[in-house]
Amino acid sequence: MWKEITLSGFADEIDENLSEQIRVLKKLGMNHVEMRGVNGKGLVEYPKDEVKEIKKQLDAEGIKLSSVGSPIGKIQITDDFAPHMELYKHTVDIAHVMETDYIRMFSFFMPEHADYGQYKDQVMERLGKMVDYAKSNDIILLHENEKDIYGDIAPRCLEIQKAFYGEHFKAVFDFANFVQCKQDTLEAYEMMKPYVAYIHIKDALWSDASVVPPGMGDGHLEEILGKFKAAGYQGFLSLEPHLSDFAGFSALEQNASQKKKLNGEEAFTLSHDSLEKILERM
């Protein structure tokens with residue numbers, strides 16, 4: 001078993017209600033959450049006083065944040081940056097209230113069919129402002145590879161990390177997102193391994209980009225996790241199931257042939273249990 005890692009996850013995929021999120025996390029023996037949505041709104045949409053109330057509820061149940069699962073950087077590169085920078089500053093305040101060092105973020109959506117290269121300077125300028133603010137406010141930004149943003153495939157993720165990697169800027173490794181961008185994950189691992197400080201557990205099929213339980217897709221998830229373990233990775237493995245429409249569920253459970261969709265708890269539990277089986281083999 002891999003003792004140096006801690007399980008977390010996007011519990012808003014369980015249910016929008018925080019109490020239900022906590023119930024399932026505790027049922028699975030988890031005490032961390034990557035908080036994105038809570039009680040029907042994005043965490044970053046709440047004012048600080050309401051964030052403090054959410055924190056009290058988490059504290060009472062022994063749940064901590066592994067990261068703020070923020071939408072920062074998920075705007076078009078052509079959108080006005082000033083209001084988004086203000087949201088980012090508010091998100092930094094929220095991270096401090098929540099007593100987490102990490103904010104998950106992105107590198108801006110690109111116009112459809114555009115040459116990404118023509119936007120590189122603008123992306124880097126915006127990221128630079130965010131990294132400077134992170135440094136002055138003692139926060140660590142975690143850049144996630146995501147479809148349709150500048151940092152979608154490994155070479156562009158590497159560009160970003162070479163420009164900004166340090167104490168306050170690091171990488172998230174998301175298997176499924178690379179697969180959905182037709183980026184071989186083994187190649188991505190070799191390029192990104194020095195920069196990764198956080199891992200999303202999500203797998204997908206190369207053929208149609210559909211998300212499947214961890215280890216059942218084309219992300220080479222078990223092999224790459226083994227490489228991370230051998231390299232001494234210590235930190236979070238964060239479950240992001242995306243499995244509510246998982247078509248293969250009936251093949252995994254007896255008497256489930258009539259069940260066309262998983263509910264949130266079932267999807268999250270399936271993702272958790274699939275990862276646990278992988279970790280037991282390590």
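## Asking how we know

Student: Why is Glu-222 called partly exposed?

Tutor: Its relative accessibility is 31%. Buried means under 20% relative accessible area, exposed means over 50%, and partly exposed is in between (1.4 Å probe, protein chains only). Glu-222 falls in the middle band, so it counts as partly exposed.

Student: What should I know about the model itself?

Tutor: It is a predicted model, where local features need pLDDT of at least 70, side-chain atom pairs count only at pLDDT 80 or more, and totals for chains, interfaces and linings use all residues. Residues are numbered from 1 along each chain as its sequence is written, and side-chain values use heavy atoms, with hydrogens and water left out.

Student: How do you know that Glu-222 forms a salt bridge with Arg-281?

Tutor: A salt bridge is a side-chain nitrogen of Lys or Arg within 4 Å of a carboxyl oxygen of Asp or Glu. Here the closest N and O atoms are 2.8 Å apart, so the pair qualifies. Glu-222 belongs to helix α8 (residues 221-230) and Arg-281 to the segment after α10 (264-280), so the bridge ties together parts 59 residues apart in sequence. Helices here are DSSP runs of H or I with at least four residues, strands are runs of E with at least two, and both are numbered from the N terminus.

Student: What makes Arg-281 exposed?

Tutor: Its relative accessibility is 54%, and that passes the cut-off for exposed, so the word fits.

Student: Why is the contact between Arg-36 and Glu-240 called a salt bridge?

Tutor: Their side chains meet at 3.4 Å, N to O, so they satisfy the definition. Arg-36 sits in the loop between β2 (32-35) and β3 (37-38), while Glu-240 is in the loop between β12 (235-239) and α9 (249-252), 204 residues apart.

Student: Is Glu-240 buried or exposed?

Tutor: Buried, because its relative accessible area is only 4%. Arg-36, at 22%, is partly exposed. Both residues also belong to a network of salt bridges, linked with Asp-12, Glu-13, Asp-174 and Lys-202.

Student: How many salt bridges are found in the whole structure?

Tutor: The search finds 21.

Student: What makes the protein chain as compact as a globular protein of its length?

Tutor: The chain has ten helices and twelve strands. Its radius of gyration, taken over C-alpha atoms, is 18 Å, close to the 19 Å from the globule rule (2.2 Å times the number of residues to the power 0.38) for 282 residues, so the description holds.
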